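Student: I have a model open and would like to take a close look at one part of it with you. Could you start with the surface and then walk me inward?

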Amino acid sequence: MASDKHCWIGFDLGGTKMLATVYDAHFKPLGSRRKKTKDFRGARNGLVGITKTIEDVLQEAGVDRRRLRGIGIGCPGVLNLDRGVLIHSPNLGWRNLALKAKLEKTFKCPVVIGNDVDVGTYGEYRFGAAQKARCVVGVFVGTGIGGACIYEGKIFRGTTGSCMEVGHIHMQPKGDLCGCGRHGCLETAASRLAVSAEAAEAAYRGNAPHLLETAGTDLTAIRSRTLVAAIKEGDAAVEDIVRHSAKYLGVAVASLVNLLAPDIVVLGGGMVEAMPQVYLEHVRKAVREQSMKSLSRGVKVVAAKLGDEAGVMGAAALAAEAYDARHR
């Protein structure tokens, strides 16, 4: 079992920035490093960057490398969880990267990799908005839409990989083309990318003058904060677009409630962090009106509490569990 001298490192490689934090045995943070995810593009850069970051964050925390007892990493993309291999991550440009084996060889401790939304939801279960729940559903809205389920303390998963691809629930039979190659996925209607694209069109047509002035029609410039600012400045068209997307998200969550009967649904990601009340309002309404009463009664829909810390804390907690399991 772990002692008070041991420490853990959690990584979150989702989003545009990577966060790494070293924790003591009680999950008190001792040091952190944040870097742009683009600096980790390419498998070779990724492995070198992660190794260097671990060394840097241990040095910053003043922690001897021999105290490190586990590393947890949350990654976007297709993973083989049993082998610890990242099969393909378009965001990172990684293919067939054996993270677990390579890092275990270097640092002589257990390494656990998981889907970034899985570990983020697990972080909320262990330390945040969903503590002590029997069944937790997490839905995170950012550039895409990710989902996860924690059931009786365990991440719900497939045979070898992650599951709960909420963003690819089929919503519109003749909908827009999704990045997965199909038409009409939830991501085409409710992701930040979808909202930004529609808002850019509204700006181009003159229906969102503040957005046009501040960001133009450049999708890379229309972030969650940009949308919030446009709404505050009176761009009613942008608010309508955001609310319409939140309604679609609510329909999907209501279906998840019918399937899984969770105690709690945690909403997170950049869009929810920027506009929590909008998303909570529409998702709660959809759950009330579109889920079976016997399953939705008592379900709580809440915003995530931990923000960027959810992924690193969840990953570190999984690493601690792996260490304990190996030393029972």
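Student: How much area does the protein expose, and what share of it do carbon and sulfur atoms supply? After that, please take me closely through I264 and the parts of the chain you would look at alongside it.

Tutor: Happy to! Please keep in mind that this is a predicted model. The exposed surface of the protein comes to about 15300 Å², and carbon and sulfur atoms supply 50% of that area. As for charge, there are 44 positive and 33 negative side chains, with 6 Å between the centres of the two sets.

Now for the frame around your residue. The protein is built with 12 helices and 13 strands. Its radius of gyration is 20 Å, close to the 20 Å that the globule rule gives for 328 residues, so the protein is as compact as a globular protein of that length. Along the principal axes, the C-alpha atoms fill a box of roughly 60 × 45 × 35 Å. Of the 328 residues, 52% count as buried. If you take the contacts with a separation of 6 or more, 63% of them are between residues 24 or more positions apart.

I264 gives you a local view of such a long-range pairing. This residue belongs to strand 12, which covers residues 264-268. With a relative accessible area of 7%, I264 is buried, because buried means under 20%. Leaving aside residues up to four places away in sequence, I264 touches A129, A130, A133, C135, V136, V137, K300 and V302. For a backbone distance, try G138: its C-alpha atom is 8.5 Å from that of I264, although the two residues are 126 apart along the chain.

Step back along the chain and you reach A261, in the loop between helix 8 (236-260) and strand 12. A261 is partly exposed, at a relative accessible area of 33%. Its phi is near 45°, a positive value in a residue other than glycine. Why is that worth a glance? Because most residues other than glycine have a negative phi. N96, in strand 7 (residues 94-97), also has a positive phi, near 50°. N96 is exposed, with a relative accessible area of 58%.

A positive phi also turns up at K108, which follows helix 2 and has a value near 55°. Helix 2 itself runs over residues 99-107, and its buried residues are L99, L103, E104 and F107. Seen down the helix axis, these buried residues fall within an arc of 110°, so they line one face of helix 2.

Two further stops round off the tour. S296 sits in helix 11 (residues 293-296) and is buried, with a relative accessible area of 11%. Beyond residues up to four places away in sequence, S296 touches V257, V287 and S291. T220, by contrast, counts as exposed at 61% relative accessibility. You will find T220 in the loop between helix 6 (209-215) and helix 7 (224-232). The C-alpha atoms of T220 and L193 are separated by 9.0 Å, with their positions 27 residues apart along the chain.

To come back to your request: I264 is a buried residue in strand 12, and its contacts include A129 and V302.

How values were computed: Residues are numbered from 1 along each chain as its sequence is written. This is a predicted model: local features need pLDDT of at least 70, side-chain atom pairs count only at pLDDT 80 or more; totals for chains, interfaces and linings use all residues. Side-chain values use heavy atoms; hydrogens and water are left out. Helices (H or I, at least four residues) and strands (E, at least two) are DSSP runs, numbered from the N terminus. The radius of gyration is taken over C-alpha atoms; the globule rule is 2.2 Å times the number of residues to the power 0.38. Buried means under 20% relative accessible area, exposed over 50%, partly exposed in between (1.4 Å probe, protein chains only). Contact means heavy atoms within 4.5 Å. Accessible areas come from the Shrake-Rupley method with a 1.4 Å probe; for residues, only the protein chains shown count as cover. Lys and Arg count as positive and Asp and Glu as negative; His and the chain ends are not counted. The place of a charge is taken as NZ of Lys, CZ of Arg, CG of Asp or CD of Glu. The arc is that of the directions from the helix axis to the C-beta atoms.
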